[in-house]
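Below is a walk through one protein model, going from a loop residue to the strands, the core and a pocket. Please keep the sequence and the 3D view open while reading.

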Amino acid sequence: EVQLVESGGGSVQPGGSLRLSCAAYGYSNSFYAMAWFRQAPGKEREGVAGIYTGGGATNYADSVKGRFTISQDNIKNTLYLQMNDLKPEDTAMYYCAADFRTTTGVSWSVSGRYAYWGQGTQVTVSS
């Protein structure tokens, strides 16, 4: 059974940094695509950053470009999200998502594109 386990969330002041991790377990093939999503109270889940694991191509939401970096460690089967210059509007539950399928024609930021999800880790940015 595939499991994704996030960690690294917490509370920080505006301008601070956090690094989220997503450890993947229970599979032998490589994921084709992985991503980070977030959901704030009363808002829809939105894609933050995505990566195609084979070639390493990355995508970001406009709101986080230049501040967040998605990366992967294939040896450790772990996905990361480095978040710098955090803002109060970044406050949300952050989720890791992954899929084996080489689905084309669907944006990385569409949540339905991913079959596997973690339980989430809370990020709170407040002074």
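Asp85 sits in the loop between strand 8 and strand 9; helices (H or I, at least four residues) and strands (E, at least two) are DSSP runs, numbered from the N terminus. The model is a predicted one, in which local features need pLDDT of at least 70 and side-chain atom pairs count only at pLDDT 80 or more, while totals for chains, interfaces and linings use all residues. Residues are numbered from 1 along each chain as its sequence is written, and side-chain values use heavy atoms, with hydrogens and water left out.

Asp85 is not a glycine, yet has a positive phi of about 50°. With a relative accessible area of 41%, Asp85 is partly exposed; buried means under 20% relative accessible area, exposed over 50%, and partly exposed in between (1.4 Å probe, protein chains only). Asn77 also has a positive phi of about 50° without being a glycine. Asn77 is placed in the loop between strand 7 and strand 8 and is partly exposed, its relative accessible area being 35%.

The two strands around Asn77 form a hairpin: strand 7 and strand 8 have 4 residues between them. They pair in the antiparallel sense over 6 bridges, where pairing requires that DSSP finds at least two bridges between two strands. Within this hairpin, Gln72 has Leu79 of strand 8 as its bridge partner.

Strand 9 comes next. This strand covers residues 92-99, and 7 of its 8 residues are buried, so it is largely enclosed by the rest of the structure. Which strands pair with strand 9? Strand 4 (residues 33-39) does so in the antiparallel sense over 7 bridges, with Trp36 opposite Cys96. Strand 11 (residues 121-125) is also antiparallel to strand 9, over 3 bridges, and here Met93 stands opposite Gln122. Strand 10 (residues 116-117) runs antiparallel to strand 9 and is joined to it by 2 bridges; Ala97 stands opposite Trp117 there.

In soluble globular proteins, nonpolar side chains tend to be buried together. A nonpolar core is a set of buried Ala, Val, Leu, Ile, Met, Phe, Trp, Tyr and Cys residues joined through side-chain atoms within 4.5 Å. The largest such core here has 28 residues, and those with the most contacts inside it are Trp36, Val48, Phe68, Leu79, Leu81, Met83 and Tyr94. Elements that give two or more residues to this core include strand 3 (18-25), strand 5 (46-52) and strand 9. Apart from this core lies another, of 6 residues, among them Ala33, Phe37, Ala97 and Trp108.

Val48 has contacts (heavy atoms within 4.5 Å) beyond its neighbours within four places in sequence, including Trp36, Phe68, Leu81, Tyr94 and Trp108. Ser21 lies in strand 3 and counts as buried, at 15% relative accessibility. Leaving aside neighbours within four places in sequence, the contacts of Ser21 include Val5, Trp36 and Leu79.

The last feature is a pocket, found on a 1 Å grid over the protein atoms alone as an open set of points with protein on both sides within 12 Å along at least five of seven lines. The largest pocket has a volume of about 200 Å³, a volume being the space filled by probe spheres set on the points, which are joined across faces, edges and corners. It is lined by 13 residues, of which Tyr27, Ser30, Phe31, Asn74 and Asn77 are the closest to its centre; lining residues have an atom within 4 Å of a point. Strand 7 (68-73) and strand 8 (78-83) are the elements that give two or more residues to this lining.

Conventions:
1 Å grid on protein atoms, 1.4 Å probe; cavity = no way out; pocket = protein on both sides within 12 Å on 5 of 7 lines; lining within 4 Å.
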